[in-house]
Amino acid sequence: MLIERLHSMGSGNLTDEYLAIASNVELALLYAGALPGKDYTHLDLFLLAQPFVVEKFKEGSITKYDYPSDQVLGFSRSAVTTRNALSLESARL
């Protein structure tokens with residue numbers, strides 16, 4: 001598998017929802033006999049997941065996303081999360 005399981009994910013978070021859908025796409029490809037790195041790439045998985053993510057965003061299922069910044073203007077500090085950076089770091093350990 002190209003997409004490894006993470007210890008935890010956040011429901012409703014754009015990054016985590018995108019990764020979860022891409023992972024499901026990969027499972028479907030594996031069940032169909034596809035080989036990682038030969039029949040599909042990381043980019044293929046995210047491109048195939050994109051329409052599902054866009055639809056979830058349109059319907060309001062995705063309500064959170066991480067800003068790649070130390071400061072976000074217009075929001076209180078408590079609204080800004082570094083969870084994504086921490087999740088990525090713990091996933092690498």
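Which residues make a nonpolar surface patch of about 290 Å²? In this predicted model, the patch is made by Phe57, Tyr65 and Tyr67. The account below begins with the chain as a whole, passes through its interior and its paired side chains, and then returns to that patch.

The protein chain contains three helices and zero strands, and its pattern along the sequence reads α-α-α. Helix 1 covers residues 14-31, while helix 2 (42-59) and helix 3 (83-92) are separated by a loop in which tyrosine 67 is found. Of the 93 residues in the chain, 24% count as buried. The accessible surface comes to about 6,800 Å², and carbon and sulfur atoms account for 59% of that area. Among contacts with a separation of 6 or more, 56% are between residues 24 or more positions apart.

The interior may be taken next. In soluble globular proteins, nonpolar side chains tend to be buried together. Here the largest nonpolar core has 10 residues in all: Ile3, Ile21, Ala22, Val25, Ala34, Tyr40, Leu45, Ala49, Val53 and Ile62. Helix 1 and helix 2 each supply at least two residues of this core. One of the core members, tyrosine 40, touches Leu2, Glu26, Leu29, Leu30, Ala34, Leu35 and Leu45, when residues up to four places away in sequence are not counted. Two of these partners, Ala34 and Leu45, are themselves listed in the core.

Several residues of helix 2 can be placed relative to residues earlier in the sequence. Phenylalanine 46, in helix 2, is 25 residues from isoleucine 21 along the chain, and their C-alpha atoms are separated by 8.3 Å. Beyond its neighbours within four places in sequence, phenylalanine 46 is in contact with Tyr18, Leu19 and Ala22. Valine 54 also lies in helix 2; its C-alpha atom is 9.8 Å from that of leucine 14, a residue 40 positions away in sequence. Valine 54 is partly exposed, because its relative accessible area of 39% falls between the limits of 20% for buried and 50% for exposed.

The contact between phenylalanine 46 and Tyr18 leads to the aromatic rings. A pair of aromatic rings is described by the distance of the centres and the angle of the planes. A search of the whole structure finds two aromatic pairs. In one, the rings of tyrosine 18 and phenylalanine 46 have centres 5.2 Å apart and planes at 65 degrees, so the arrangement is edge-to-face. Since tyrosine 18 lies in helix 1 and phenylalanine 46 in helix 2, this pair ties together parts that are 28 residues apart in sequence. Both partners are partly exposed, tyrosine 18 with a relative accessible area of 23% and phenylalanine 46 with one of 26%. The other pair, formed by phenylalanine 57 and tyrosine 65, is tilted, with 6.5 Å from centre to centre and 50 degrees between the planes.

Charged side chains supply a further link between the helices. Side chains of opposite charge can pair when their charged atoms come close. The count for this structure comes to one salt bridge, which lysine 56 forms with glutamate 17, the closest N and O atoms being 3.7 Å apart. Because lysine 56 lies in helix 2 and glutamate 17 in helix 1, the pair ties together parts that are 39 residues apart in sequence. How do the two partners stand with respect to solvent accessibility, buried or partly exposed? Glutamate 17 counts as buried, at 13% relative accessibility, whereas lysine 56 counts as partly exposed, at 24%. Leaving aside neighbours within four places in sequence, glutamate 17 is in contact with Gly10, Ser11, Gly12, Lys56 and Ile62. Of these, Ile62 is also a member of the largest nonpolar core.

The path now returns to the surface patch. Its members Phe57 and Tyr65 are the two residues of the tilted aromatic pair. Why can Phe57, Tyr65 and Tyr67 be counted in a patch? Membership requires over 30% relative accessible area, and phenylalanine 57 has 42%, tyrosine 65 has 39% and tyrosine 67 has 31%. Each of the three is therefore classed as partly exposed.

Conventions: Residues numbered from 1 in each chain as written. Predicted model: local features only at pLDDT ≥ 70, side-chain atom pairs only at ≥ 80, totals over all residues. Heavy atoms only, no water. Patch = residues over 30% accessible without salt bridge, like charges linked within 9 Å, V, L, I, M, F, W, Y side chains within 5 Å. Areas by Shrake-Rupley, 256 points an atom, 1.4 Å probe, with all protein chains shown as cover. Salt bridge = Lys/Arg side-chain N within 4 Å of Asp/Glu carboxyl O. Helix = DSSP H or I, 4+ residues; strand = E, 2+ residues; numbered from the N terminus. Buried < 20%, exposed > 50% of the residue type's maximum accessible area, 1.4 Å probe, protein only. Phe/Tyr/Trp six-rings, centres within 6.5 Å; stacked < 30°, edge-to-face > 60°. Contact = heavy atoms within 4.5 Å. Core = buried A, V, L, I, M, F, W, Y, C linked by side-chain atoms within 4.5 Å.
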